[in-house]
Amino acid sequence: MKKNEFLTANSVQNFMHWLETKMDQANSFSHGYTMKRPIMQWKCNSIYSAYENYCWSFSYNDPTNGKIVNGNTFDRSALALSSLSHGLRRSIQDSDSEACQKHCCSIFQWGGVLRSNDKRVEGLGNGICHYLKKIKNCVAEDRSSDDYYQREMIMNSGFTKIYSLCIDDFIIYDGRVGAALGLLVNKFCEDYSLEAVPVELAFAWGKGKESTYKRSSENRRNPGSDRYTFPELNNNPKRHIENNIRANWLLREITDQTESKFNKMDRDLQMRAIEAALFMIGYQVNG
């Protein structure tokens, strides 16, 4: 299903209309949980309030000067990502593989996903700039969402961050964002009394780490129910990129075609802010 087909599907149109009412109206979408680190009670009463209550403690080495950059608010995070994005894009444009690798590893540090991903970046070697240019060109093509995956494509919760910072309108799609989208779709399906989750809206989620082993059905990030089920990302790169692409289309269309406080932001921040809201909502959606 190509972009226009996806966005004009009745299920997607209905979901966007439903979602518009949850964006910034007080008590339109209530959600909460106990966060483990830092230990705190977190809650929101709309999607916008989830963005306002963003909390992510990050720390990374600035690839330009080696200094440590840290913070935990959306403004600090957005500023850090903007700087990393600028440096990453410039390194790709200049075909500077060394600078590109440094920026990629700093992005992994920011997201807490450096382990193993740094080895993947090393494996790309001097070809990393060419690789990222190829991914960028691929994503720009008008393909069916299930036709973007290429055999050499690396796709996981780390590399979605790299792609997000070098490709316009490409969100960071990790297990938490997928879980949040699934939770919203589940509630939409309930409100519309649908028989099953529409295939266009069956967003995949990723497991959260639990203190003791739990089956997928009991994992705190599983947004499904007995009636409405959602697939797992499950380290499946083809499924991951397909879901990322559909989420990109959906969030860009929401910011362009609906009215909320998100629309009053600079265009470059709109999708990042909604992504941040989903990231917070998706910390725990089950139990």
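Asp24 sits in the loop that runs between H2 and strand E1 (31–36). This is a predicted model, and Asp24 makes a handy starting point for a tour of its charged pairs, ring pairs, one helix and a few backbone details. Welcome aboard!

**Asp24 and its surroundings**

- With a relative accessibility of 24%, Asp24 counts as partly exposed, because that value falls between the 20% limit for buried and the 50% limit for exposed.
- Leaving aside residues up to four places away in sequence, Asp24 touches Ser46, Tyr48, Ser260 and Lys261.
- One of these neighbours is also met through the backbone: the side chain of Asp24 reaches the backbone nitrogen of Lys261 at 2.8 Å.
- For a sense of scale, the C-alpha atoms of Asp24 and Leu181 are 16 Å apart in space, while the two residues are 157 apart in sequence.

**Salt bridges**

- Side chains of opposite charge can pair when their charged atoms come close. In this model the count comes to 10 salt bridges.
- One of them joins Asp168 to Arg89, with 3.0 Å between the closest N and O atoms. Asp168 belongs to the loop between helix H8 (159–166) and helix H9 (175–192) and Arg89 to helix H4 (residues 74–93), so this pair ties together parts that are 79 residues apart in sequence.
- The two partners differ in accessibility: Asp168 counts as exposed at 56%, whereas Arg89 counts as partly exposed at 27%.
- Glu141 and Arg143 also meet through their side chains, at 2.6 Å from N to O. Glu141 is partly exposed, with 38% relative accessibility.
- Asp169 and Arg252 form another salt bridge, at 3.0 Å from N to O. Here too distant parts of the chain are linked, as Asp169 is in the loop between H8 and H9 and Arg252 is in helix H10 (residues 237–257), 83 residues apart.
- Asp169 is partly exposed at 36%, while Arg252 is buried at 7%. Shared partners join Asp169, Arg252, Asp256 and Arg267 into one network of salt bridges.

**Aromatic rings**

- The model holds 19 aromatic pairs. In the pair of Trp18 and Phe188, the ring centres are 6.0 Å apart and the planes lie at 65 degrees, so the geometry is edge-to-face.
- That pair links distant parts of the chain, with Trp18 in helix H2 (residues 10–20) and Phe188 in helix H9, 170 residues apart. Trp18 is buried at 8%, and Phe188 is buried at 1%.
- Tyr33 and Trp42, by contrast, form a stacked pair, with 5.0 Å from centre to centre and 15 degrees between the planes. Both Tyr33 and Trp42 are buried.
- Ring pairs also gather Tyr48, Tyr51, Tyr54, Trp56, Phe74, Phe262 and Phe279 into a cluster.
- Phe279 has a charged neighbour as well: Arg176 lies over the face of its ring, 3.6 Å from the ring centre. Similarly, the charged end of Arg221 sits over the ring of Tyr283, 5.6 Å from its centre.

**Helix H5**

- H5 (residues 97–111) has 15 residues and spans 21 Å from its first C-alpha to its last, close to the 21 Å expected at 1.5 Å a residue.
- Buried residues in H5 include Cys100, His103, Cys104, Phe108 and Trp110.
- The elements covering the buried residues of H5 include strand E3 (58–61), H4, helix H6 (117–124), helix H7 (128–140) and H8.
- Gly112 follows H5 and has a positive phi, near 70 degrees.

**Backbone points to check by eye**

- Most residues other than glycine have a negative phi, and most peptide bonds are trans.
- A cis peptide bond joins Arg37 and Pro38, with omega at about -5 degrees. Pro38 is in the loop between E1 and strand E2 (39–44).
- Ser193 has a positive phi, near 50 degrees, and is found in the loop between H9 and H10.
- Asn234 has a positive phi near 50 degrees. Asn234 is likewise in the loop between H9 and H10, and it is exposed, with a relative accessible area of 57%.

Notes. Residues are numbered from 1 along each chain as its sequence is written. This is a predicted model: local features need pLDDT of at least 70, side-chain atom pairs count only at pLDDT 80 or more; totals for chains, interfaces and linings use all residues. Side-chain values use heavy atoms; hydrogens and water are left out. A salt bridge is a side-chain nitrogen of Lys or Arg within 4 Å of a carboxyl oxygen of Asp or Glu. Helices (H or I, at least four residues) and strands (E, at least two) are DSSP runs, numbered from the N terminus. Buried means under 20% relative accessible area, exposed over 50%, partly exposed in between (1.4 Å probe, protein chains only). Rings of Phe, Tyr and Trp (its six-membered ring) pair if their centres lie within 6.5 Å; planes under 30 degrees apart count as stacked, over 60 as edge-to-face and the rest as tilted. A charge sits over a ring if NZ of Lys or CZ of Arg is within 6 Å of the ring centre and within 35 degrees of the ring normal. Contact means heavy atoms within 4.5 Å. A polar contact is a pair of N or O atoms within 3.5 Å; within protein, one must be able to donate a hydrogen and the other to accept it, and residues adjacent in sequence count only if both atoms are side-chain atoms. The expected span of a helix is 1.5 Å times one less than its number of residues.
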